[in-house]
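Hi,

Here is the structure I said I would pass on. Have a look at it first, and then read my notes below.

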Amino acid sequence: MPSLKKDMVVRNLTKKGFSQDKKRDHLYLTYETIEGKKTAIRTKVSHGSKSDITTGLVSAMARQCQLTTQCFKEFAECKLSQHQYEQILVASGYFSNMNKS
């Protein structure tokens, strides 16, 4: 699987409910639902990383976002909507597990 452009990933995740929190060495992206509820879903991008996110890092970001690598790639490329993302989270039981906390 080819790498993804860092700027595209950050821009598209931000459009789909992820808020940015810039720290010293990383940009953290934390997910809020369509209804505005904060979640524990969080991923990060290094400030020092070049323009591409390598395949290994794409896989790590996918796990952090509770997606398969292929679904994350589709999500980051705007082939998967925020609504579809939330449907995947519901189907995987993420939201029911989140509500128990």
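How many disulfides does a search of the whole structure find? Zero, taking a disulfide as a pair of cysteine sulfur atoms within 2.5 Å. As for the cysteines themselves, Cys65 is buried at a relative accessible area of 0%, while Cys71 is partly exposed at 23%. Buried here means under 20% relative accessible area, exposed means over 50%, and partly exposed is in between (1.4 Å probe, protein chains only).

Before the rest, a word on where this comes from. It is a predicted model, so local features need pLDDT of at least 70 and side-chain atom pairs count only at pLDDT 80 or more, whereas totals for chains, interfaces and linings use all residues. Residues are numbered from 1 along each chain as its sequence is written, and side-chain values use heavy atoms, with hydrogens and water left out.

Now the overall layout. The protein has five helices and five strands, and along the sequence they follow the pattern β-α-β-β-β-β-α-α-α-α. Helices (H or I, at least four residues) and strands (E, at least two) are DSSP runs, numbered from the N terminus. Of the 101 residues in the protein, 39% are buried. Among contacts between residues at least 6 apart in sequence, 48% join residues at least 24 apart, where contact means heavy atoms within 4.5 Å.

The sheet next. It is an open one of three strands in the order β2-β3-β4, with antiparallel pairing. The edges are β2 (18-22) and β4 (38-46), each with a single partner strand, so one side of each has no neighbour in the sheet. From one strand to the next the twist averages 25°; axes are lines fitted to C-alpha atoms, for helices over the stretch in contact, and angles run from 0 to 180 degrees between N-to-C directions.

Strand β3 (residues 26-32) pairs with β4 in the antiparallel sense over six bridges, and five bridges join β2 to β3, also antiparallel. Two strands count as paired if DSSP finds at least two bridges between them. You can follow the register through Leu27: in β3, Leu27 is the bridge partner of Lys22, and Leu27 also stands opposite Val45 in β4. Towards the other end of β3, Glu32 has Lys38 of β4 as its bridge partner. Five of the seven residues of β3 are buried, so this strand is largely enclosed by the rest of the structure.

The β3-β4 hairpin has five residues between the strands, and Gly36 there takes a positive phi near 90°. Thr33 lies in the loop between β3 and β4 and is buried, at 10% relative accessible area. Not counting residues up to four places away in sequence, Thr33 touches Thr39, Gln82, Glu86 and Phe95.

What about the core? The largest nonpolar core has 25 residues, and those with the most contacts inside it are Val9, Phe18, Ile41, Phe72 and Tyr85. Such a core is a set of buried Ala, Val, Leu, Ile, Met, Phe, Trp, Tyr and Cys residues joined through side-chain atoms within 4.5 Å. At least two residues of this core come from each of α1 (6-15), β3, β4, α2, α3, α4 and α5 (94-100). The largest share, four residues, is from α1.

Val9 is worth clicking on: leaving aside neighbours within four places in sequence, Val9 is in contact with Leu4, Ile53, Met61, Phe72 and Ala76. On the helix packing, the axes of α1 and α3 come within 8 Å and cross at roughly 80°. That makes α1 roughly perpendicular to α3 (under 35 degrees counts as roughly parallel, over 145 as roughly antiparallel, 65 to 115 as roughly perpendicular and the rest as oblique). The contact is made by Met8, Val9, Asn12 and Leu13 of α1 and by Phe72, Phe75 and Ala76 of α3.

Last, two backbone oddities. Gln66, in the loop between α2 (55-64) and α3 (69-76), has a positive phi of about 65° although it is not a glycine. Gln66 is partly exposed, at 38% relative accessibility. Cys78, in the loop between α3 and α4 (82-91), also has a positive phi of about 65° without being a glycine, and is partly exposed at 42%.

Cheers
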